[in-house]
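Biologist: I'd like a close look at one part of this protein, the nonpolar core and the charged pairs around there. Could you walk me through that part slowly, as you would for someone in their first year?

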Amino acid sequence: MLKKLLVIMLLILGIISVSFEKNEEIRSYEKGLYDKYEKEYSLKKLMEICAKQKDTAQAEKYYESGVRNKVLASDDLLIEFYKSTGEDEKLEKFLRNKIDKDVGEATGFSNSSLELGKLYEKQGKYDLALEYYDKAYLQTHGEKGWQELSKLERIVAEINKKDAYIKAGEAGDGEAYYQLALMYKEKRDLEKMIFYYQKGADNGNVESIREFSYWSFVRKDYKLAEKYYKMGVNKKDPVSMVKLGLLYNDAEKYDLAEKYYKMAIVNKNDDALIYLSKLYSKQGKSELAYKYYSEVIKKHSLEWMGYR
């Protein structure tokens, strides 16, 4: 029992000691606010402490003290505080007031406009973000303002393009969904890419059917791959015919593989000639294997065949 009490007392003393050290640190920085050589560093450290403690009221008091003591970085430090604590409403209000105050002072106006533009971009308010990036650029012709404006214009153009594709897709345009899938492919967003391939496939786009079937196969959903390759077959797509033949070949359903290879050959797909030749060779049907292999040789080089 005595040991437990001793441990508890030591823990309490430790907490008090840490708390005292922290308070001493804060008092030291508060004194530094009145030292012309230490005031900027002291305000920065005090704001960092407030950010960790999420103490907005105290941070704002330190900011006001910094302004009174002519700490040049006061505004920037409060902006960073609001950003770190995610207080968007307070940040917006502060920046708008600062912009009004800084009219006629090019650098301050430009920097505040730039920060407000970034806030609106983060919130998805692209029209407002463009407006304030534009103000930042026009005020100083600064490189940052131009870069952010240019970047956001590209983002907005891409969003508008996505919106247009979605509207067209919802109206039954499978090609629009296919283009959306390609946009997400470029961004390496696999889930959205496959999602829009399926949307395109369901709306009859042949390229989407091929791609969605392929990704279903990669994910080992062979039933789904079969279903969508058959959709391609119904659209007279020879690539889907070949791929369906390969699917059945892997499943050792050789009669079905033969059927779809032949169907692809009728639809002038030369890859099917090679696969059918290999199938017959595997089955020991040498004459038929040679027949289709010969047809390939007549049309293509050995190099072309090596890639199949």
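Modeller: Here is a tour of that part, starting with how far to trust the model.

This is a predicted model, so local features need pLDDT of at least 70 and side-chain atom pairs count only at pLDDT 80 or more, while totals for chains, interfaces and linings use all residues. Residues are numbered from 1 along each chain as its sequence is written, and side-chain values use heavy atoms, with hydrogens and water left out. The pLDDT is the predictor's confidence in each residue, from 0 to 100. The protein chain averages 84, and 82% of the residues score at least 70. Confidence is lowest in H1, at a mean of 57, and highest in helix H12 (residues 222–234), at 97. Helices here are DSSP runs (H or I, at least four residues), numbered from the N terminus. Be wary of residues 5–21, where pLDDT stays under 50; the model has 1 contact beyond four places in sequence for that stretch. A contact, by the way, means heavy atoms within 4.5 Å.

Now, the core. A nonpolar core is a set of buried Ala, Val, Leu, Ile, Met, Phe, Trp, Tyr and Cys residues joined through side-chain atoms within 4.5 Å. Buried means under 20% relative accessible area, exposed means over 50%, and partly exposed is in between (1.4 Å probe, protein chains only). In soluble globular proteins, nonpolar side chains tend to be buried together. The largest core in this model has 32 residues, and those with the most contacts inside it are Leu 43, Met 47, Tyr 62, Leu 78, Phe 81 and Leu 116. Helices H1, H2, H3, H4, H5, H6 and H7 each supply at least two of its residues, with the largest share, 6 residues, coming from H2. Take Met 47 as a sample: leaving out residues up to four places away in sequence, Met 47 touches Ala 59, Tyr 62, Tyr 63, Leu 77, Leu 78 and Phe 81. There is also a second, separate core of 22 residues, which includes Met 241, Ala 257, Leu 279 and Tyr 292.

On to the charged pairs. A salt bridge is a side-chain nitrogen of Lys or Arg within 4 Å of a carboxyl oxygen of Asp or Glu, and the structure holds 13 of them. In one, Glu 48 pairs with Lys 45, with the closest N and O atoms 3.2 Å apart. Those two are 3 residues apart in helix H2, so about one helical turn separates them. Glu 48 is partly exposed, at 33% relative accessibility, and Lys 45 is partly exposed too, at 21%. Lys 44, Lys 45 and Glu 48 are linked in a network of salt bridges.

Lys 83 is worth a stop. Its partners include Glu 80, at 3.3 Å between the closest N and O atoms, and Glu 115, at 3.1 Å from N to O. Because Glu 115 lies in helix H6 and Lys 83 in helix H4, this pair ties together parts that are 32 residues apart in sequence. Glu 80, on the other hand, is 3 residues from Lys 83 in helix H4, about one helical turn. Lys 83 is partly exposed at 36%, whereas Glu 115 counts as buried at 19%.

Last, a look at the loop between H2 and H3, where Lys 54 lies. Lys 54 has a positive phi of about 55 degrees although it is not a glycine, and it counts as exposed at 62% relative accessibility.
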